[in-house]
Amino acid sequence: MEVAYLQTSIGLAEFHGDENGLASISILEEEKPIGIVPEVLEDVIYQFEEYFEGSRKKFDLKLNPNGTDFQKKVWNALIKIPFGKTVSYLELSNSLGDVKAIRAVASANGKNPLWIVIPCHRVIGSNGDLVGYAGGLHRKKWLLEHESPVKQTSLF
């Protein structure tokens, strides 16, 4: 498994992947030397640079996350949430055909190893609150603002 790093607006991102695809993404709290990007992860870094500079709205990467069949079903549903949009955990459960599975859906959402690419940050509480994000609610807020079609400007 190859590793690459990218300094982003929300911290140092660590990417793990190989010829089978991107397996995981993490945000590190400590600094690490970035080093040379392995060839198998060059396109990943390129697409993430575009995302953070605001020119990419959809990723086109080979993915290889490790998870159960149910988790992968939830993650496939997450990929369908459009850039700049949000859904509630209840809406996500309904789209998967079982409103009673809301806790299992939330759990699978929290175990997503490919945040941003599989956009778990686009899932919010039914009342519109930012709830649950493994990377921290401050990062979830940043990502949603970054993707928002309406950019807040300063009045002064």
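Helices here are DSSP runs of H or I with at least four residues, and strands are E runs of at least two. I keep that beside me for the first entry. The model is a predicted one.

**Entry 1: the annotated N-terminal stretch**

I looked up residues 6–64 first. UniProt, in an unreviewed entry, lists them as "domain: Methylguanine DNA methyltransferase ribonuclease-like". I read 20% helix and 32% strand over residues 6–64. The C-alpha atoms at the two ends of this stretch are 20 Å apart.

**Entry 2: two domains and their contact**

Next I took the domain assignment. It splits the protein chain into domain 1 (2–53) and domain 2 (69–147). Their C-alpha centres lie 22 Å apart. Domain 1 brings 12 residues to the contact, and domain 2 also brings 12 residues.

I then checked the area. The two domains bury about 1,200 Å² between them. Carbon and sulfur atoms carry 69% of that area. Which three residues supply 54% of the area that domain 1 buries against domain 2? I find Ile10, Ile25 and Tyr51, and no other three residues supply as much.

I also asked how many salt bridges the rule finds across the interface of domain 1 and domain 2. The count is 1. Separately, I noted the side chains of Glu29 and Arg139, which meet in a salt bridge at 3.3 Å, N to O.

**Entry 3: helix α4**

I moved on to α4, residues 102–110. Its buried residues are Val105, Ala108 and Asn109. They share one side of α4, because they cover an arc of only 105° around the axis. The general rule is that an α-helix has 3.6 residues a turn, so residues three or four places apart point the same way.

What covers the buried residues of α4? I list α2 (69–79), α3 (89–95) and β5 (123–124) among the covering elements.

**Entry 4: Cys120**

Last, I looked up Cys120. UniProt lists Cys120 under "active site", again in an unreviewed entry. I located Cys120 in the loop between α4 and β5.

Is Cys120 buried or exposed? Its relative accessibility is 6%. The cut-off for buried is under 20%. Cys120 therefore counts as buried.

I then listed its contacts, leaving aside neighbours within four places in sequence. Cys120 touches Leu78, Asn109, Asn112, Trp115, Tyr133 and Lys140. Asn109 ties this entry to the previous one: it is in contact with Cys120, and it is one of the buried residues of α4. Leu78 gives a second link, as a contact of Cys120 that falls within the range of α2 (69–79).

How values were computed: Residues numbered from 1 in each chain as written. Predicted model: local features only at pLDDT ≥ 70, side-chain atom pairs only at ≥ 80, totals over all residues. Heavy atoms only, no water. Buried < 20%, exposed > 50% of the residue type's maximum accessible area, 1.4 Å probe, protein only. Arc of directions from axis to C-beta. Contact = heavy atoms within 4.5 Å. UniProt positions renumbered as here; feature names shortened; annotations may be inferred. Domains from an automatic or database assignment. Buried area = accessible area lost by both parts, 1.4 Å probe. Salt bridge = Lys/Arg side-chain N within 4 Å of Asp/Glu carboxyl O.
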